[in-house]
Amino acid sequence: MVSASSVLDRVLVLEMVRVTEAAAIAASKLIGRGDEKAADHAAVEAMRAALNELPMDGTVVIGEGERDEAPMLFIGEKVGSAQGSGPKIDIALDPLEGTTITAKAGPNALAVLAIAEQGGLLNAPDVYMQKLAIGPGYADDVIDLARSPTENVTSLARAKGVQPNEINACVLDRPRHEAVIAELRALGCGITLIPDGDVAGVIAVTDPDTTIDIYMGSGGAPEGVLAAAALRCVGGQIQGRLLFRNDDERGRAHRWGIDDLDRIYRLDDMAKGDCIFAATGVTDGSLLKGVKRRRSFISTESIVMRASSGTVRRVTGEHHKLA
């Protein structure tokens with residue numbers, strides 16, 4: 001049997017891009033059409049078909065939901081063409097990260113995928129997660145989810161040698177974040193409010209060109225694991241804590257083996273060992289250009305990263321058979 005690490009090295013690095021390209025191209029047909037569900041469904045079907053062509057024994061550990069709630073790419077679903085004989089791979093995915101963005105033709109919609117050797121990715125239920133992230137180059141104690149936004153911004157500013165009002169934070173534009181936003185405004189921070197797409201928001205802290213210093217707020221747990229996989233490849237810190245709205249969600253967490261419901265997960269808890277992260281732009285954004293449907297071909301832009309080598313590749317594609 002071929003080891004997982006050798007397959008990650010030989011085959012799946014660039015094959016990952018083909019998977020995210022397929023999902024992005026399928027979703028791009030629905031850009032600006034106002035139908036979130038149709039865009040998501042198109043991306044899911046395309047990604048599932050592409051995953052099932054790969055020579056692996058893959059298990060979706062972060063997906064579109066649990067089996068009874070998602071007909072495609074549910075948590076626990078098996079994918080790959082080598083079930084029972086190929087390397088065992090854990091998969092985290094979001095075929096369309098930014099369904100509302102796509103429906104409204106907004107920025108930063110992505111097709112996203114991460115893989116690791118078995119046991120390398122946090123297997124969590126599809127619930128909300130409180131998140132806090134910064135870029136590389138800081139001590140481990142600079143940020144802490146147990147602290148207030150003011151304390152984290154002040155600590156980061158001290159580490160950067162600037163004043164708190166020079167820090168720029170990225171926050172999802174949601175009513176649930178009104179108190180966080182007000183606290184940041186009181187410090188004089190710049191705030192980049194994003195309508196959706198917090199995977200791109202977290203990754204932005206690693207790129208000085210974005211001027212984003214810190215990401216904070218709550219969003220989907222799947223996006224938290226995907227963002228952690230990306231940070232494991234390029235550096236940075238992320239912390240997450242699962243948020244439960246009711247007893248049903250707490251029960252689902254217990255079924256997935258999560259007993260400490262208040263645990264703060266750090267980067268190595270969410271993504272460890274060798275892993276690969278890939279994303280293809282659906283709409284134009286700060287990380288990637290979106291899909292462009294030309295007269296005779298479709299163009300895509302993707303990024304693929306690998307933790308063990310620290311390699312980041314940008315891949316542009318021209319797909320001359322229209323999809």
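This report walks through a sheet, its neighbours, two enclosed or open spaces and a few single residues.

The model is predicted.

## The open sheet

Six strands build an open sheet. Their order is 7-6-8-5-9-10, with mixed pairing. Strand 7 (190–194) and strand 10 (265–266) stand at the edges. Each has a single partner strand, so one side of each is left without a neighbour in the sheet.

Helix 5 (residues 178–187) packs on this sheet. Helix 5 touches strand 6 (168–172), strand 7 and strand 8 (214–220). The direction of helix 5 makes about 155 degrees with that of strand 7.

Strands of a sheet pair through backbone hydrogen bonds, either parallel or antiparallel. Three pairings in this sheet are set out below.

| Strands paired | Sense | Bridges | One bridge |
|---|---|---|---|
| Strand 5 and strand 8 | antiparallel | seven | A133 with Y215 |
| Strand 5 and strand 9 | antiparallel | seven | Y128 with L243 |
| Strand 9 and strand 10 | antiparallel | two | G240 with Y265 |

Strand 5 (residues 128–134) appears in two of these rows, once with strand 8 and once with strand 9. How much of strand 5 is buried? Five of its seven residues are, so strand 5 is largely enclosed by the rest of the structure.

Strand 9 covers residues 237–243. Strand 9 runs antiparallel to strand 5, and also to strand 10. The link to strand 10 rests on two bridges. In one of them, G240 has Y265 as its partner.

## The largest pocket

The largest pocket holds about 840 Å³ of space. Its lining has 32 residues. The closest to the pocket centre are E64, D94, T99, D126 and E223.

Which element gives the most to this lining? Helix 2 does, with five residues. Helix 2 (36–51), strand 3, strand 8, helix 7 (221–234) and helix 8 (247–255) each supply at least two. Strand 8 thus has two roles here: it belongs to the open sheet, and it also helps to line the pocket.

By class, the pocket lining has 16 charged, ten nonpolar and six polar residues.

## The cavity

Rolling a probe the size of a water molecule over the atoms shows where empty space is left. How many cavities of 30 Å³ or more are there? The count comes to one. The largest cavity holds about 30 Å³ of space.

D57, T59, K78, K88, I89, D90 and Q118 line this cavity. Strand 3 (88–97) gives the most, with three residues. Strand 1 (57–62) also supplies at least two. The lining divides into four charged, two polar and one nonpolar residue.

Strand 3 also lines the largest pocket, where it supplies at least two residues.

## Around helix 3

Helix 3 spans residues 99–104. T102 lies in it. Is T102 buried or exposed? T102 has 0% relative accessibility, so it counts as buried. Setting aside residues up to four places away in sequence, T102 touches A27, L30, I31, G32, A39, L96, A109 and V282.

A105 sits in the loop between helix 3 and strand 4 (110–117). With a relative accessible area of 45%, A105 is partly exposed. A105 has a positive phi of about 60 degrees, although it is not a glycine.

## The loop before strand 8

Two residues of interest share the loop between helix 6 and strand 8: T211 and D213. Helix 6 covers 198–203.

T211 has a positive phi of about 65 degrees, again without being a glycine.

Where does D213 stand in terms of burial? D213 is buried, with a relative accessible area of 15%. The cut-off for buried is under 20%. Leaving out residues up to four places away in sequence, D213 touches A133, I134, G135, L156, K160, E166, I167, N168 and V205. Among these, A133 is the bridge partner of Y215 in strand 8.

D213 also pairs distance in sequence with a short span in space. D213 and C170 are 43 residues apart in sequence and 7.9 Å apart in space, C-alpha to C-alpha.

Technical notes: Residues numbered from 1 in each chain as written. Predicted model: local features only at pLDDT ≥ 70, side-chain atom pairs only at ≥ 80, totals over all residues. Heavy atoms only, no water. Helix = DSSP H or I, 4+ residues; strand = E, 2+ residues; numbered from the N terminus. Buried < 20%, exposed > 50% of the residue type's maximum accessible area, 1.4 Å probe, protein only. Contact = heavy atoms within 4.5 Å. 1 Å grid on protein atoms, 1.4 Å probe; cavity = no way out; pocket = protein on both sides within 12 Å on 5 of 7 lines; lining within 4 Å. Points joined across faces, edges and corners; volume = space filled by probe spheres on them. Nonpolar A, V, L, I, M, F, W, Y, C, P; charged D, E, K, R; others polar. Pairing = 2+ DSSP bridges. Axes fitted to C-alpha atoms, helices over the stretch in contact; angles between N-to-C directions.
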